[in-house]
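User: Can you take me through the internal and open spaces in this one? Keep it brief.

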Amino acid sequence: MASPRQGELGDFLRSRREKLTPKLVGIPAGRRRRTPGLRREEVADLAGIGVDWYVRLEQGRSVSPSAATIDALARALRLSKAEHTHLRALAKEGDRRLFVPEVVPPEIRRAVESLNQPAYVTGRRWDVLAWNAAAEDVFAFGRLPENERNTLICMLTNPETRRLFAASWAEEARRMVTQFRRTHDLWAGDPAFVDLLARLRLGCPEFDAWWGTHDVSSSVAGRKVLSHPRRGRLNFEYASFQANDDPGLKLIIYSEIG
């Protein structure tokens, strides 16, 4: 029986196939096409694999593609580096354990609290698990109920956060959705992630359209412009780091710039 993760693998392949055009990959347009993108047999031919095998993959059926097959599909579908990495991760055997919220070691918590610039720690589900006074001054995590201390819930469903990001909200929110897609698909079907998606769909009208594209991206650093109700315009650079002891923990640090 196919797992939710294999279903995500199939959906991802289909979404990438539908984004391509025959011209882009050097295939004559030929007869009229009823659906967007390449045909399944065209992708299979470009990747050098059997059509039936590719169809089974795209249907989310229980198959185990080799690393060479995944790399061939990545080339055929013109995947970006982030998309290729995501496809490889989806093709691996998934962790069958249920998600359990992470615990921040006291050493990491104290290190975060000692920083002068805004900093916080998130888990695999992007729950905010620890933060310092500078982060509280900007993001006010402490004023939120515990079940709303999640960067996606804050960004997509909290009106105050939407006002904080002002004109940059839509771009930043969509970027976060494409980043989270890489994590979610590895936990597809887990009750904690199913619940999170339901809350995002309910609280953000834009979410379904963004989620439906199956776009993925990766970013560990960048810039954000905020419109703080008390401090006015704030310009930040940010960077993120994974904990060695638990890669599920991620530290995000902001540095204010002129």
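User: How many cavities of 30 Å³ or more does the structure hold?

Analyst: One. A cavity is a set of points on a 1 Å grid over the protein atoms alone where a 1.4 Å probe fits but cannot get out. This is a predicted model: local features need pLDDT of at least 70, side-chain atom pairs count only at pLDDT 80 or more, and totals for chains, interfaces and linings use all residues. Residues are numbered from 1 along each chain as its sequence is written, and side-chain values use heavy atoms, without hydrogens and water.

User: What volume does the largest cavity have?

Analyst: About 310 Å³. Volume is the space filled by probe spheres set on the points, joined across faces, edges and corners.

User: Which lining residues are closest to its centre?

Analyst: Tyr120, Thr151, Met176, Lys224 and Tyr254, out of 22. Lining means an atom within 4 Å of a point.

User: And the lining by class?

Analyst: 13 nonpolar, six polar and three charged residues. Ala, Val, Leu, Ile, Met, Phe, Trp, Tyr, Cys and Pro count as nonpolar, Asp, Glu, Lys and Arg as charged, the others, Gly among them, as polar.

User: Switching to pockets. What is the volume of the largest?

Analyst: About 910 Å³. A pocket is an open set with protein on both sides within 12 Å along at least five of seven lines.

User: Which residues sit closest to the centre of that pocket?

Analyst: Arg182, Thr183, Leu186, Gln242 and Pro247, of 27 lining residues. By class, the pocket lining has seven nonpolar, 12 polar and eight charged residues.
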